[in-house]
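Reader: I should like to learn how the relative orientation of packed helices is read from a model. Please begin with the general idea and then turn to the case at hand.

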Amino acid sequence: MTDAASRDYDDEYPGSPPYHEDRDDDNEEEMADEEEEEDPEIVQKECLELFSQRDFIMESNILNVLKRYLQAGGAPSTVVELLSENFTAIAGMVNVTANWLIQTGVPQSTVTNLVEQHMTEMVVKHFDPKKADSIFNSDGNMPEWLPEMIQQPTWRVLFYKLAEQYPDCLFLNFTIKMISDAGFQGEITSVSTACHQIEVFSRVLKTSVATFLEGGEESLEKHLPEFTKMVCHGEHTYLYGQLLMHVASEESRGGANMRRLCQELHKAAMSKGLEVTPITVALIHANEYPRACQALSSMLSRRALNPADVTVLHKIYSEGDGPPVALIRVPEFLELLIDALYNPSSKIGPEHKSKYIYLLAYSVSVVETLRRGKGRRLNKEELKTTTQAIEKTHSLLANYKSSSDLIAEVATLFTSIKFPVVAMGILHWVDLTVSEPNFFKLNTDHTPLHLVLVDEVVSNHPLLHQRALDLLIRLFEDSYNDLDVLVRLELKKMLLDRMLHLLHKGCVIPVVSFITKCVDNTDMSLVRHFVTELLDMIAPPYTVEFVQLLLPLIENKAVTDTLRTSDGKDPVSEFISHCQVNFVNPT
């Protein structure tokens with residue numbers, strides 16, 4: 001623990017030499033001349049005021065002030081008297097108290113954490129950016145303790161917090177750059193100060209993107225909020241970040257993942273209420289097609305489709321090769337089309353329906369490749385079949401009255417679900433339909449056809465597993481107060497069966513994670529049902545992550561005690577024994 005870190009931040013030490021980034025010899029001579037011209041009495045008075053401050057002897061500029069005082073003719077005895085009288089040894093007392101705690105049996109790590117936590121709170125409470133900017137030594141060098149300080153995670157976190165509160169503080173900006181230069185740029189994605197320094201921002205952007213590409217979907221979900229906060233700090237950071245990622249997305253290797261990241265960033269910016277549509281449109285070269293650009297920008301800005309604009313786009317894309325398909329492959333535009341065609345409350349005029357369907361089918365099925373010196377090549381082989389699948393399902397679901405109306409067409413629905421865009425649309429339709437307040441109250445089927453369709457989507461499209469799970473979780477967490485208790489339990493048991501099907505198709509960790517989190521506020525019979533069915537489905541070998549999630553649930557006596565037998569031949573005992581041998585106490 002350093003003495004400087006234990007300073008009492010209620011004290012003020014004015015007159016510390018300011019930091020000068022660029023000074024030449026002439027400036028130093030001028031400053032020396034000014035010092036020679038200073039009135040000795042005034043200099044002595046200023047220095048004596050500093051010596052009278054509590055624990056000033058611990059200050060880093062004590063030698064400079066002492067030299068200045070003596071050169072002005074000050075008496076050494078006075079200095080000794082003032083410094084000794086005002087020396088209260090706060091830092092020393094902290095060290096003594098910490099040693100006492102350790103000697104009484106408190107772990108050293110606990111004592112260190114207590115001191116660091118208190119110091120952090122004190123610094124945040126009393127931090128003064130003007131004083132911080134004066135910390136640099138008179139020769140223009142950084143404080144000797146700063147490089148050592150940024151090596152400690154606790155103090156780096158402190159600097160991040162302060163940088164968020166005081167983005168204009170030069171000392172903090174300098175420190176953030178030092179942290180970045182030291183290789184810790186992966187920690188500062190949420191620091192807005194990084195957005196003001198192109199060098200730091202570029203390094204953080206590169207590190208964050210690499211983390212997303214290496215970590216996959218889990219990393220994207222975990223770190224995307226902080227990443228978008230940094231990139232969406234201002235128009236300049238958003239444009240710069242999107243431009244770099246857009247250039248990278250045009251590479252054959254990893255380009256698709258970069259496009260996904262660009263789209264997630266655009267979506268996050270739109271959710272924050274930022275108008276970034278012009279930037280997105282410009283990056284996909286839409287300005288080369290002014291009519292299409294105007295129609296698309298109009299709908300994206302309003303976040304609503306317009307029959308007139310849809311007609312313009314339909315005409316452009318149905319005549320000849322049309323503009324690049326990337327122009328209408330913007331996720332927000334696709335979501336608007338899916339909602340228009342698969343939302344039960346959506347009404348589309350008969351004369352416009354085919355145009356909506358054509359644009360949606362074109363955007364998801366046409367493959368565009370670039371040939372050197374020969375321009376673009378379009379592959380429209382799947383356009384017709386995709387269009388027909390969307391037309392069939394839209395017609396069936398738009399005229400839906402009851403589940404019995406769809407049972408006769410279930411084969412058609414299952415066939416059409418194999419198209420990803422149709423699966424997205426049906427999942428959207430199911431979500432809106434079953435979310436109606438009285439849907440399960442009026443439904444008499446044990447497993448509604450709507451959820452059977454969800455099972456079919458899960459079986460065919462792994463990329464839609466998370467969307468399906470989100471829907472099932474929302475339904476499971478609903479209270480259903482209008483239903484009888486037994487009916488409510490049967491409904492939730494049926495929803496758990498849908499989750500088990502999802503788990504069977506590969507969505508293992510997300511499903512098990514949800515169940516383990518809701519044990520305390522869920523009827524134990526439901527959890528027991530899930531565990532029973534799960535143990536019948538699984539078999540070794542298991543991953544470490546799976547065991548770490550599931551084993552505490554299986555060992556919970558409130559859940560599995562009634563499932564065990566005295567001979568230990570039951571699935572619960574066998575799973576626990578296997579985990580103990582292979583994971584808990586491996587030989």
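Author: The general idea is that angles under 35 degrees count as roughly parallel. In this predicted model, helix α27 (residues 508–517) and helix α29 (residues 544–555) pack at an angle of about 25 degrees, and they are therefore roughly parallel to each other. Their axes lie 10 Å apart.

Reader: In which hand does α27 pass α29, and which residues make the contact?

Author: The crossing of α27 past α29 is left-handed. On the α27 side, the contact is made by Val508, Ile509, Val512, Ser513, Ile515 and Thr516; α29 contributes Glu545, Phe546, Leu549, Leu550 and Leu553. Sorted by class, this contact has 8 nonpolar, 2 polar and 1 charged residues.

Reader: How is the length of a helix such as α18 judged?

Author: The span between the end C-alpha atoms is set against the one expected at 1.5 Å a residue. For α18, the 16 residues should span 22 Å, and the end C-alpha atoms are 23 Å apart, which agrees. Helix α19 (residues 383–398) also has 16 residues and reaches 22 Å, close to the 22 Å expected.

Reader: Which residues of α19 are buried, and what covers them?

Author: Buried means under 20% relative accessible area. In α19, this holds for Leu383, Thr386, Thr387, Ala389, Ile390, Thr393, His394, Leu396 and Leu397. Their cover includes α17 (331–342), α18 (350–365), α20 (403–407), α21 (410–417) and α22 (420–434). Helix α18 has buried residues of its own, among them His352, Lys355, Tyr356 and Ser365.

Methods: Residues are numbered from 1 along each chain as its sequence is written. This is a predicted model: local features need pLDDT of at least 70, side-chain atom pairs count only at pLDDT 80 or more; totals for chains, interfaces and linings use all residues. Side-chain values use heavy atoms; hydrogens and water are left out. Axes are lines fitted to C-alpha atoms, for helices over the stretch in contact, and angles run from 0 to 180 degrees between N-to-C directions. Helices (H or I, at least four residues) and strands (E, at least two) are DSSP runs, numbered from the N terminus. Angles under 35 degrees count as roughly parallel, over 145 as roughly antiparallel, 65 to 115 as roughly perpendicular and the rest as oblique. A crossing is left-handed if the near helix is turned anticlockwise from the far one by less than a right angle, and right-handed if clockwise. Contact means heavy atoms within 4.5 Å. Ala, Val, Leu, Ile, Met, Phe, Trp, Tyr, Cys and Pro count as nonpolar, Asp, Glu, Lys and Arg as charged, and the others, Gly among them, as polar. The expected span of a helix is 1.5 Å times one less than its number of residues. Buried means under 20% relative accessible area, exposed over 50%, partly exposed in between (1.4 Å probe, protein chains only).
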